[in-house]
Amino acid sequence: MTIPAAESSNNNNKQQKLPIVGSESIMSPKKHGTSDTPVQQNLRWNVNKRMANRICNYNRHFAEPAGYFTTTRFMRNKGEDQDETDAPQPIETKRLSWATFFRRQPNSSTQPTKAPTTKENGSTTPRTPLTFYDSNTGKPLFRIMQAGGRSWNEFVRESRHHGWPSFRDDEVIWENVRCLRNGECVSQDGTHLGHNLPDHTGNRYCINLVCISGRPTSGSCNN
C-alpha cells in the first residue's frame, strides 16, 4: 500500500528529533537577499507584498506587526482563497524586532494548561487540510486541519493568543523547512519564516503570515 506523502512525512517526524536543524549556509546571500527569487506577484489573502519581500528576503531579526494576520483576508475567509481585488490591508510602519517580540510573549504559566487537542465540541476537524506555501517559491511549508490534528478554531485561538500564526511539530512539512541553532525558522530555499519558541507543550513555530502566503507552483501541491 502506498502511503500519501503528507501521512508518510508525519510518520517519519515521529521517529526523528524535532525540529530538524539546518545549516546557517541556507541563509547565505543569493540573487535576491537570502533567496534566489523575490516574493510572488499574487500572494494569497491580499497580504502586503512590500512587507513580505522585506521580511522574507532581507531580514533575520524583524517580524510583521503583532496581530497582522487577523487584519487580512486570511481571517475573513478562514484561510480559503477567494477573489481579492482590493488593495492590500494597511499596516503599521514600525517594524517589530525579535527581541521585542520575545518580551511580548506570555510567560508559560499564563498558557492554557491543556495541550492542543484533536477534537472540538465532541467532533473531529470538519474541514479539509489547509496548506501554507512559501511566499517566494510556492513550496508547501505548513499544513493544518489534518486528520487527527487541530481544528481551525484551535489553530486560530493559539495564534491570536501569541499574535502570530503558531504551528506545532506535526503541522510542519519538514522536507522544506529547517530551524537554525538560534531558533530561526527558515525554508530550505532561504526564506525567513519566523522562530521556534517552545513552551511547556512542545515546539511552537511562530511564523509571519506574509512569509507563507505563496501560491502553489506546479508539482508542489501534492508534497
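The legends below describe several close-up views of a predicted model.

**View 1. The surroundings of I212, a residue in the segment after β11 (205-207).**
I212 is buried, with a relative accessible area of 0%. Leaving aside its neighbours within four places in sequence, I212 is in contact with W45, F132, Y133, S135, L141, F142, F167, L193 and I207, so that a reader who centres the view on this residue can find each of these partners around it. Along the chain I212 and G138 are 74 residues apart, and their C-alpha atoms are separated by 8.6 Å.

**View 2. The largest nonpolar core, which has 36 residues.**
The residues with the most contacts inside this core are F74, F132, F142, F167, L193, Y205 and I212. Two or more residues of the core come from each of α2 (49-57), α3 (73-76), β5 (130-133), β6 (140-144), α5 (152-162), β8 and β11, and among these elements α2 gives the most, with 4 residues. One of the residues named above, F167, is in contact with F132, F142, I144, R150, F155, N203, R204, Y205, I207 and I212, when its neighbours within four places in sequence are left aside.

**View 3. The hairpin formed by β5 and β6.**
The two strands run antiparallel and are joined by 4 bridges, and within this pairing F132 stands opposite F142 in β6. Between the strands lie 6 residues, and in this turn G138 has a positive phi of about 80 degrees. Strand β6 is mostly covered, since 5 of its 5 residues are buried. Both F132 and F142 belong to the residues with the most contacts inside the largest nonpolar core, and both are also in contact with I212.

**View 4. An open sheet of 5 strands with antiparallel pairing.**
The order of the strands is β7-β11-β10-β9-β8. The edges are taken by β7 (166-167) and β8 (177-179), each of which has a single partner strand, so one side of each is left without a neighbour in the sheet. Inside the sheet, strand β10 (residues 192-196) pairs with β11 in the antiparallel sense over 3 bridges, and G194 stands opposite I207 in β11. I207 is also one of the residues in contact with F167, and I207 is likewise among the contacts of I212.

**View 5. Helix α5 and the glycine that comes just after it.**
The buried residues of α5 are W152, E154, F155, V156, E158, S159 and H162. Of these, F155 is in contact with F167. Just after the helix, G163 takes a positive phi of about 100 degrees.

**View 6. Backbone features in the loop between α1 (5-15) and α2, where P19 is found.**
The peptide bond from L18 to P19 is cis, with omega near 0 degrees. W45 is found in this loop between α1 and α2 as well, and its phi is near 60 degrees, a positive value in a residue other than glycine. The loop between α1 and α2 is also the place of N46, and phi of N46 is likewise positive and near 60 degrees, again in a residue other than glycine. W45 counts as buried, at 0% relative accessibility, and N46 is buried too, with a relative accessible area of 10%.

**View 7. N53 in helix α2.**
The side chains of N53 and N57 are joined by a polar contact of 3.0 Å. When neighbours within four places in sequence are left aside, N53 is in contact with H32, P38, V39 and Y58.

**View 8. The cysteines C56 and C211, whose sulfur atoms are 3.5 Å apart.**
A search of the whole structure finds 0 disulfides. C56 is in no disulfide, and the nearest cysteine sulfur to its own is that of C211. The separation of 3.5 Å between the sulfur of C211 and that of C56 is too far for a bond, because a disulfide is counted when two cysteine sulfur atoms lie within 2.5 Å. C56 is buried, with a relative accessible area of 0%, and C211 is buried with a relative accessible area of 0%.

How values were computed
Residues are numbered from 1 along each chain as its sequence is written. This is a predicted model: local features need pLDDT of at least 70, side-chain atom pairs count only at pLDDT 80 or more; totals for chains, interfaces and linings use all residues. Side-chain values use heavy atoms; hydrogens and water are left out. Buried means under 20% relative accessible area, exposed over 50%, partly exposed in between (1.4 Å probe, protein chains only). Contact means heavy atoms within 4.5 Å. Two strands pair if DSSP finds at least two bridges between them. A nonpolar core is a set of buried Ala, Val, Leu, Ile, Met, Phe, Trp, Tyr and Cys residues joined through side-chain atoms within 4.5 Å. A polar contact is a pair of N or O atoms within 3.5 Å; within protein, one must be able to donate a hydrogen and the other to accept it, and residues adjacent in sequence count only if both atoms are side-chain atoms.
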